[in-house]
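Subject: Structure handover

Hello,

Here is the structure we talked about, with notes on what turned up in it. Please have it open while you read.

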Amino acid sequence: MLRKHRYLFLLLLVVLFLIPYAAHSYRLRNTRSATVASPSSSVSVQENSGPSPIVSLAANETPLSSGPQDRLVDLIQHRRPLSPSDMAVKKKIVALLPSADHSGDLYHSQDITIDYTESVDLFQVEILTTDVGSAEQEAVNYFTQHGMSQQGICKLPVSFYLNFDIKKVIPTNAPFSPLAAGC
């Protein structure tokens, strides 16, 4: 009986690893080499026989796609240093959390909730209204009233997302950016 369970477990592991690898390999076969150049940087992507393509970025990193989702991921993965004054404001805002908490809600209104998550060092704004523009401005005002610069808001980064119920009532083709305006 124990041997049967061991074989089933091994079979399950093989299936769990084989299916994603096969899907990834299929996508790689359909990927071609490409080079993207801009005045300040260049990016090259080359196929390789390993599990993922090789991506090289020059010193002035520019993401392959310039969509807002991709910019947010780039800002999170490649943190830009805050100015000394913006760093001081960030520490002041994070200090507003209860002393035992390192993460949690910093601000809440009927239109937004601003949350800080220490483990990923990220400020997130949940939008609770269909008036997305005013909700985003309220969040930006929260940070600027504490002394944060617009550049600091972008470099933190502050990310925005729609509440599940709000997302259901906003048209799917309505433009939405997870970054503050100007980021």
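Helices and strands are DSSP runs, numbered from the N terminus, with at least four residues for a helix and at least two for a strand. With that naming, N163 sits in the loop between strand β7, residues 158–162, and helix α6. Keep in mind that this is a predicted model.

First, the overall layout. The protein chain has six helices and seven strands. Their order along the sequence is α-β-β-β-α-α-β-β-β-α-α-β-α. The chain has 183 residues, and 30% of them are buried. Among contacts with a separation of 6 or more, 48% are between residues 24 or more positions apart. The exposed area of the protein chain is about 12100 Å², of which carbon and sulfur atoms supply 59%.

Next, back to the loop residue. Is N163 buried or exposed? Its relative accessible area is 17%, and the cut-off for buried is under 20%, so N163 counts as buried. Which residues does N163 touch, leaving aside those up to four places away in sequence? They are E126, I127 and L128. L128 lies 35 residues from N163 along the chain, yet the C-alpha atoms of the two are 5.5 Å apart. The side chain of N163 also reaches the backbone nitrogen of D165, at 2.8 Å.

Last, the cysteines. A disulfide is a covalent bond between the sulfur atoms of two cysteines. How many disulfides does a search of the whole structure find? The search finds one. It is formed by C154 and C183, with their sulfur atoms 2.0 Å apart. The pair links distant parts of the chain, 29 residues apart: C154 belongs to helix α5, residues 150–155, while C183 is in the segment after α6, residues 164–169. The angle about the S-S bond is -85°, and the link between C154 and C183 is left-handed.

The two cysteines fall in separate accessibility classes. C154 has a relative accessible area of 13% and is buried, whereas C183, at 22%, is partly exposed. Why is C183 not classed as buried? Buried means under 20% relative accessible area, and partly exposed runs from there up to 50%; C183 is at 22%, so it is partly exposed.

To recap the two places to look at: the loop between β7 and α6, where N163 is found, and the disulfide of C154 and C183.

Regards

Methods
Residues are numbered from 1 along each chain as its sequence is written. This is a predicted model: local features need pLDDT of at least 70, side-chain atom pairs count only at pLDDT 80 or more; totals for chains, interfaces and linings use all residues. Side-chain values use heavy atoms; hydrogens and water are left out. A disulfide is a pair of cysteine sulfur atoms within 2.5 Å. Buried means under 20% relative accessible area, exposed over 50%, partly exposed in between (1.4 Å probe, protein chains only). Contact means heavy atoms within 4.5 Å. Accessible areas come from the Shrake-Rupley method with a 1.4 Å probe; for residues, only the protein chains shown count as cover. A polar contact is a pair of N or O atoms within 3.5 Å; within protein, one must be able to donate a hydrogen and the other to accept it, and residues adjacent in sequence count only if both atoms are side-chain atoms.
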